[in-house]
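Here are some notes to read beside the model, written for someone at an early stage of looking at structures. Please take the points in order, and keep the display open while you read.

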Amino acid sequence: MVDVFLVIAIIVAFAILLIGAVYLLVYYQHPDDHNDAYIPKFVVIFGFVLAGWTVLLFPLDVANNEGYAGTCHGSEGASHERLFAGNQLGLESLSQ
């Protein structure tokens, strides 16, 4: 099942990266290059977005594959393991 939060996070992160890359390009470009060289500008924007995207994809991949803190499944599984860890040691069950 698709996690809506992760999809929204992807869209917002991509938009922020794209706006940031365009802003950096416009801010640091030479005034004579205002209406010239569109292909190199596109390559620079693509490079900025790709560099930022690779940094942001790692935590997203971890959150998508292992579950992240705060979800019902992630926190429930951790507490479930703590409750029944005593059974492996020969102790009484903590769930009774």
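1. A word on the surface comes first, together with the reminder that this is a predicted model. The chain exposes about 8000 Å², and carbon and sulfur atoms supply 69% of that area. Of the 96 residues of the chain, 14% count as buried.

2. On the overall layout, the chain holds 4 helices and 0 strands, and, read from the N terminus on, its elements run α-α-α-α. If we take the contacts in the chain with a separation of 6 or more, 63% of them come from residues 24 or more positions apart.

3. Helix H1 covers residues 4-28, and its length can be checked with a simple calculation. At 1.5 Å a residue, the 25 residues of H1 should span 36 Å, and because the C-alpha atoms at its ends are 36 Å apart, the expectation and the model agree. The expected span is 1.5 Å times one less than the number of residues, which is the step to remember if you repeat the sum yourself. Within H1, the residues Leu6, Ala13, Leu17, Ala21 and Leu25 are buried.

4. Is Tyr23, which also has its place in helix H1, buried or exposed? Tyr23 has a relative accessible area of 55%, and exposed means over 50%, so Tyr23 counts as exposed. The C-alpha atoms of Tyr23 and Ile45 are separated by 9.5 Å, although the two residues are 22 residues apart along the chain.

5. Ala37 deserves a careful look, since its place is in the loop between helix H1 and H2. Its phi is near 55 degrees, a positive value in a residue other than glycine. Most residues other than glycine have a negative phi. With a relative accessibility of 40%, Ala37 counts as partly exposed, because this value falls between the 20% limit for buried and the 50% limit for exposed.

6. Helix H2 comprises residues 38-66, and Lys41 has its place there. Lys41 is buried yet has no salt bridge, and the nearest side chain of opposite charge, that of Asp33, is 6.7 Å away. A salt bridge would need a side-chain nitrogen of Lys or Arg within 4 Å of a carboxyl oxygen of Asp or Glu, which is why the distance of 6.7 Å does not qualify. The backbone of Asp33 is another matter, for its oxygen lies 2.6 Å from a polar atom of the Lys41 side chain. Leaving aside residues up to four places away in sequence, Lys41 touches Leu25, Gln29, Asp33, His34, Asn35 and Asp36.

7. Phe42 and Val49 both belong to helix H2, and they can be read as a pair. Phe42 is exposed, with a relative accessible area of 56%, whereas Val49 is buried, with a relative accessible area of 10%. The C-alpha atoms of Phe42 and Leu25 are separated by 9.6 Å, and these residues are 17 residues apart along the chain.

8. Which residues does Val49 touch, once those up to four places away in sequence are not counted? They are Phe14, Leu17, Leu18 and Ala21, and of these Leu17 and Ala21 are among the buried residues of H1. Val49 and Phe14 are 35 residues apart in sequence, while their C-alpha atoms are 7.7 Å apart in space.

Technical notes: Residues numbered from 1 in each chain as written. Predicted model: local features only at pLDDT ≥ 70, side-chain atom pairs only at ≥ 80, totals over all residues. Heavy atoms only, no water. Helix = DSSP H or I, 4+ residues; strand = E, 2+ residues; numbered from the N terminus. Buried < 20%, exposed > 50% of the residue type's maximum accessible area, 1.4 Å probe, protein only. Lys, Arg positive; Asp, Glu negative; His and termini not counted. Polar contact = N/O pair within 3.5 Å; in protein donor to acceptor, adjacent residues only side chain to side chain. Contact = heavy atoms within 4.5 Å. Areas by Shrake-Rupley, 256 points an atom, 1.4 Å probe, with all protein chains shown as cover.
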